[in-house]
Amino acid sequence: MINLELPKKLRASANQAHQVAAEIFRPISRKYDLAEHEYPVELDTMAAMVEGLADSGTQDISGATGGRKAKSGAEAADSHSTELLGNSNGGNMSALLNALETCWGDVGLMLSIPYQGLGNAAIAAVATDEQLERFGKVWAAMAITEPSFGSDSAAVSTTAVLDGDEWVLNGTKIFVTAGSRATHIVVWASVDKSKGRAAIKSFVVPRDAKGLTVARLEHKLGIKASDTAELRLEDCRIPADNILGSPEVNVEKGFAGVMQTFDNTRPLVAAMAIGVGRAALEELRTILEESGVEISYDIPANNQTAAAAEFLRMESDWEAAYLLALRAAWMADNKKPNSLEASMSKAKAGRMGTDVTLKAVELAGAVGYSQRTLLEKWSRDSKILDIFEGTQQIQQLIVARRVLELSSAQLK
């Protein structure tokens, strides 16, 4: 049974993340929203600070290693005892809370933090122990989407051909978050198109690999502080052991290995939406109270003003999204299959985030629509959180398959 009281260590880590959001992200949030594609140099100082805390043992390790770090004998014993009681909180829960708090500050800046890319979650999910040793602390972006498809990850057309002791990759990837800044890119490619989705594997490609180029940077609705790139791989060669996990193609297993990445990253994206949603609710509450609107938890919503009733509805929706995300991360830390819960949390939080931020702009009136607050920015930033890592429609489809126990071939 899940314990909703966060452990002391995670509370301390989340508090540190909140301080970063409040003291570093919020003050420069508008600056980099107006200066799209300009690198936030302030993040270099923060990255150094995080590394120092990790080295001293007072903060979780950055990069993929943080999601699957080794434990000392005493820690392992304590963890085993805790797991027997059904309550183990580790790298996934810590990452979720840190994402929530930093996105309370700014989503685009959070996505730009060195060594905290979505590709790191992919490495943590499927890398071998040896690969984790090599790639555990790199800054990894994740490249899945292509010009020919969006949410259907099985439609990958980028190819990887083994040539001696190297893989040769060819293809185009679009909407790659941190694609021009990360030191490595986790690329999804097919090793044998005749075998369908089972042949889709993920590869770690160094950013400076010959044949990998940045074709362009996207101009976007929101998260402007984050670079979103189109990457081209033209006879790009990488070492043979840079394929994550097993190179064998198991037709019966399909591409469950690479899809396991989403079980880790979808709760994180949910946490991002939850962080933005909480920021909007807090700002809206202040604006409403300054305008004389009283919000009461002791009076039925239908007996309060329309603005107060709407605020209570949104706050309860936010709470539901928060609890779903906690559950998905807790299950991942306890080695429980969480594909259903990961998609549920992503679907709920993505929808909640766009609803709450847009409604906050509306209820705040002219103040909400202007740039006098960050409300309008948060409404723009939140939309991507309902799209990437699988759209709302894809999440609902996955949930339906899991609940009805139907395969992708049976329910499309």
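Which residues in α12 are buried? I'll start there. They are Leu375, Glu376, Lys377, Trp378, Ser379, Arg380, Asp381, Ser382 and Leu385. That is 9 of the 11 residues of the helix, so α12 is mostly covered. Before I go on, please keep in mind that this is a predicted model.

Staying with α12, let me pick out one residue. Glu376 lies in this helix. Its relative accessibility is 11%, and because buried means under 20%, Glu376 counts as buried. There is also a contact in space to mention for Glu376. Its C-alpha atom is separated by 6.1 Å from that of Val361, and the two residues are 15 apart along the chain.

Now the packing of α12. Two packed helices are described by the angle between their axes and the distance between the axes. Helix α12 covers residues 375-385, and it packs with helix α1, residues 8-34, at an angle of about 70° with the axes 11 Å apart. That makes α1 roughly perpendicular to α12, given that angles of 65 to 115 degrees fall in that class. The crossing of α1 past α12 is left-handed.

The second helix pair is α9 and α10. Helix α9 runs over residues 306-333 and helix α10 over residues 339-363. Their axes are 9 Å apart and the packing angle is about 155°. The cut-off for roughly antiparallel is over 145 degrees, and α9 and α10 are therefore roughly antiparallel to each other. Here, too, the crossing is left-handed, with α9 passing α10.

These two helices bring me to the salt bridges. How many does a search of the whole structure find? The count is 29. I'll go through three of them.

Glu310 forms a salt bridge with Arg313, and the closest N and O atoms are 3.0 Å apart. Both residues are in helix α9, 3 residues apart, which means they are separated by about one helical turn. Arg313 has a relative accessibility of 33% and counts as partly exposed.

In helix α10, Glu362 forms a salt bridge with Lys359, with the closest N and O atoms at 3.3 Å. Glu362 and Lys359 are likewise 3 residues apart, about one turn of the helix. As general background, an α-helix has 3.6 residues a turn, so residues three or four places apart point the same way. The accessibility of the two partners is worth stating. Glu362, at 52% relative accessibility, counts as exposed, whereas Lys359 is buried, with a relative accessible area of 19%. Both values sit beside a cut-off, since buried means under 20% and exposed means over 50%.

These two pairs also belong to one network of salt bridges, which links Glu310, Arg313, Asp355, Lys359 and Glu362.

The third salt bridge is in helix α7, residues 129-135. Arg134 pairs with Glu130, and the closest N and O atoms are 2.8 Å apart. Because they are 4 residues apart in that helix, about one helical turn separates them. Arg134 counts as partly exposed at 33% relative accessibility, and Glu130 is also partly exposed, at 43%.

Next, helix α6, residues 118-126. Is it mostly covered or mostly open? Mostly covered: 9 of its 9 residues are buried. Leu118, Ile123 and Val126 are among them, as are Gly119 and Asn120. The buried set also includes Ala121, Ala122, Ala124 and Ala125.

Two backbone points follow. Phe175 has a phi near 55°, a positive value in a residue other than glycine. Phe175 lies in strand β3, residues 166-177. Ile223 is not a glycine either, and its phi is positive at about 35°. Where is Ile223 placed? In the loop between β6, residues 212-217, and β7, residues 228-239. Ile223 has a relative accessible area of 4%, so it is buried.

Last, the surface. Val403, Leu404 and Leu406 make a nonpolar surface patch of about 260 Å². Leu406 is placed in the segment after α13, the helix of residues 392-404. At 30% relative accessibility, Leu406 counts as partly exposed.

That is what I have on this model. I'm happy to go back to any of the helices.

Technical notes
Residues are numbered from 1 along each chain as its sequence is written. This is a predicted model: local features need pLDDT of at least 70, side-chain atom pairs count only at pLDDT 80 or more; totals for chains, interfaces and linings use all residues. Side-chain values use heavy atoms; hydrogens and water are left out. Patches are made of residues with over 30% relative accessible area and no salt bridge: like charges are joined within 9 Å, nonpolar side chains (Val, Leu, Ile, Met, Phe, Trp, Tyr) within 5 Å. Accessible areas come from the Shrake-Rupley method with a 1.4 Å probe; for residues, only the protein chains shown count as cover. A salt bridge is a side-chain nitrogen of Lys or Arg within 4 Å of a carboxyl oxygen of Asp or Glu. Helices (H or I, at least four residues) and strands (E, at least two) are DSSP runs, numbered from the N terminus. Buried means under 20% relative accessible area, exposed over 50%, partly exposed in between (1.4 Å probe, protein chains only). Axes are lines fitted to C-alpha atoms, for helices over the stretch in contact, and angles run from 0 to 180 degrees between N-to-C directions. Angles under 35 degrees count as roughly parallel, over 145 as roughly antiparallel, 65 to 115 as roughly perpendicular and the rest as oblique. A crossing is left-handed if the near helix is turned anticlockwise from the far one by less than a right angle, and right-handed if clockwise.
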